[in-house]
Amino acid sequence: MNWKNRICSSVDAVFRHKSLSLQLILLYMRKIVILLLSIFVLLACKRTSQVAKVEEKAITVPAFSSDSAYLYVKKQVDFGARVPNTKAHEECAVYLASELKRFGAKVIEQKADLIAFDGTVLKSVNIIGSFNPKAEGRILLFAHWDSRPWADNDPDPKNHKKPVMAANDGASGVGMLLEMARWMGQNSPTVGVDIIFFDSEDYGKPASAGGDPAEDSWCLGTQYWAKNPHVPGYTARYGILLDMVGAPGATFYREQASEYYAPRVVSAVWSQAKSLGFGQYFKDEKGGAITDDHIYVNKISGIPSIDIIQYDPNTESGFGAYWHTIYDTMENVDKNTLNAVGTTLMHVVYNEK
Ligand SMILES: [Zn+2]
């Protein structure tokens, strides 16, 4: 406003030294100048309000629906245990890829024959859905979608050869990411996002087999992708793995490998959860060190990645009591937990510039 007044008084100063006809011309000129200035101010104000609107839109975080995420978890479980080389596994792969396509993602099904610790050839498929595929700044979100073939941690040894339904240990993270994908198709985040459902994570060597624990017999799909990324030279700002994220009252501690490779990502996610009121789920304390998909994304791909994984200090394994038992079913999936993790992640992704 001060700037406009200064211009007008300088026009008045010129007026006092001119003849009448010149004064008339100058009168018109003065009106034109004032008119032009008014238009300029008006346009400037309009532009400012448009910028404000764009900024406002950029930080609008869609409301994660835990009802919807729950149904995506249930849908997977309804196929049966998604053990590689079974019909349920094949059908679920078709479902996951078609859902990502329906939400508008660019989908790649990365198929591979992976060799298990016992020599079994696992017909595997990593399912990759990309949003904003051309954006340079990217975030990687991932979970495993296969089920463990053996409930070898079940309290009853008779169940050790039965498959795990994997409602939490697999389907919960995938269901949550499907719900996030549904939003990304409708209301794109500023950054590019790649969602990967990794296969053959849970075919690792059972402890009962004895001998070498064969750590690398786990996470076969991730190891394959890390060595053969779907885009040559693929990288992302950071990665977030979701594993066992749906149990009632689950607690997530700062997993040690995540702390080692990506401490800033851990801090950002945990503080986001706290600010949203989910501090009872995200404990700001050190958890265990877990062999999980994020290890290979860190070590081979070099993308700083964290694992949001349930840690239960009261069980011998450190995982939920349902872990690798026949009780990893929908009864052990809770919408409040899905909401806490899903809402936190939506804020993390949508606030990324
Ligand atoms: Zn597992």
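L242 sits in strand β5; strands here, like helices, are DSSP runs numbered from the N terminus, with E of at least two residues for a strand and H or I of at least four for a helix. This is a predicted model, in which local features need pLDDT of at least 70, side-chain atom pairs count only at pLDDT 80 or more, and totals for chains, interfaces and linings use all residues. Residues are numbered from 1 along each chain as its sequence is written.

Is L242 buried or exposed? L242 has 25 other C-beta atoms within 10 Å, so it is buried; the cut-offs are 20 or more for buried, 12 or fewer for exposed, and partly exposed in between, with C-beta atoms placed from the backbone. Leaving out residues up to four places away in sequence, L242 touches A143, G173, M176, L177, I308 and V341. Contact here is C-beta atoms, placed from the backbone, within 7 Å. L242 and G342 are 100 residues apart in sequence, and their C-alpha atoms are 10.0 Å apart in space.

Now the sheet. It is open, with 6 strands in the order β1-β2-β4-β3-β5-β8 and mixed pairing. A pair of strands needs at least two DSSP bridges between them. At the edges are β1 (106-115) and β8 (305-309), each paired on one side only. From one strand to the next, the twist averages 20°. Strand β5, residues 238-243, pairs with β8 in the parallel sense over 5 bridges. One bridge joins G239 to S305 in β8.

Two helices lie across this sheet. Helix α4 (residues 87-102) lies across β1, β2 (121-131) and β4 (192-198), at about 10° to β2. Helix α5 (residues 167-186) lies across β2, β3 (138-144), β4 and β5, at about 145° to β3. Angles run from 0 to 180 degrees between N-to-C directions, and axes are lines fitted to C-alpha atoms, for helices over the stretch in contact.

Last, a helix pair. Helix α8 (residues 263-275) packs on helix α10 (residues 335-350) at about 120°, with axes 9 Å apart. The two are therefore oblique to each other: under 35 degrees is roughly parallel, over 145 roughly antiparallel, 65 to 115 roughly perpendicular, and the rest oblique. A268, V269, Q272 and A273 in α8 meet T344, H347 and V348 in α10. By class, that contact has 4 nonpolar, 3 polar and no charged residues. Nonpolar means Ala, Val, Leu, Ile, Met, Phe, Trp, Tyr, Cys and Pro; charged means Asp, Glu, Lys and Arg; the others, Gly among them, are polar.
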